[in-house]
Amino acid sequence: MDRTGDCWTWVGPVRDDGYGGSRVNGKKFIAHRLAYELFVGPIPQGKQLDHLCHHKLCVNPEHLRPVSGRVNQQNRKGANRAGSSGVRGVHWHSGARKWRAHVGHQRRTYFGELRANKELAEADAVELRLLLHGEASTADLCRLMQIRLEDHERKNNK
Ligand SMILES: [Zn+2]
């Protein structure tokens, strides 16, 4: 699951469909589509962006691949069949029936809180990795996204 490297987890607003995104000045945006357009280029017409990492809030352009709608559905089914959370560092606690972040560091495993919501457990995992390994750069990314987002809007409003 982890072979494509670290996810860049969107920490901004989340839409009803589970993807990151919101409105800026009345204009809608979807975080991972915007990231792809900013860092890679225009999304081919009629294509959806498939998350290779199966993580809806990931905006790492290296994890995004334009596909037809049907392929995207198949990939999602495959992720469910594997039985894992599909998210790095997040495990299902069957006793509590909740999700929890597990992050290993120097032969110890550090646990996040028990969470009813998988996305919250995932945020814990990202935070723990950041604290323990100095890994990931969610804050940096968001700062970058904010700046780019403003540039993007400014350009469109001309
Ligand atoms: Zn990812």
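**Strands, cores and a helix**

Modeller: β6 and β7 run antiparallel and are joined by four bridges. This is a predicted model, in which local features need pLDDT of at least 70, side-chain atom pairs count only at pLDDT 80 or more, and totals for chains, interfaces and linings use all residues. Residues are numbered from 1 along each chain as its sequence is written.

Colleague: What makes β6 and β7 a pair?

Modeller: The rule is that DSSP finds at least two bridges between the strands. Four bridges join β6 to β7, so they count as paired. One of the bridges sets Gly104 against Thr109 in β7. The hairpin of β6 and β7 has two residues between the strands, and Gln106 there takes a positive phi near 45°.

Colleague: And how do you know that β5 pairs with β6?

Modeller: Same test: β5 and β6 (residues 98-105) share four bridges, in the antiparallel sense, so they pass as well. Val90 stands opposite Ala101, and His93 faces Lys98. Their hairpin has four residues between the strands, with Arg97 in the turn at a positive phi of about 55°.

Colleague: Why are β5 and β7 called edge strands?

Modeller: The open sheet runs β5-β6-β7, with antiparallel pairing. β5 (90-93) and β7 (108-111) each have a single partner strand, so one side of each has no neighbour in the sheet. From one strand to the next, the twist averages 40° (axes are lines fitted to C-alpha atoms, for helices over the stretch in contact, and angles run from 0 to 180 degrees between N-to-C directions).

Colleague: What makes the group with Cys7 and Trp8 a nonpolar core?

Modeller: A core is a set of buried Ala, Val, Leu, Ile, Met, Phe, Trp, Tyr and Cys residues joined through C-beta atoms within 7 Å. The largest has 12 residues, including Cys7, Trp8, Ala35, Tyr36 and Leu64, so these count as buried and joined in that way. Helix α1 (residues 31-39) gives the largest share, three residues. Apart from this core lies another of eight residues, among them Val90, Trp99, Ala101 and Leu128.

Colleague: Which residues of α1 are buried, and why do you say they line one face?

Modeller: Ala31, His32, Ala35 and Tyr36 are buried, so each has 20 or more other C-beta atoms within 10 Å of its own (12 or fewer would be exposed, in between partly exposed; C-beta atoms are placed from the backbone). Down the axis of α1 they fall within an arc of 135°, so they line one face. The arc is that of the directions from the helix axis to the C-beta atoms.
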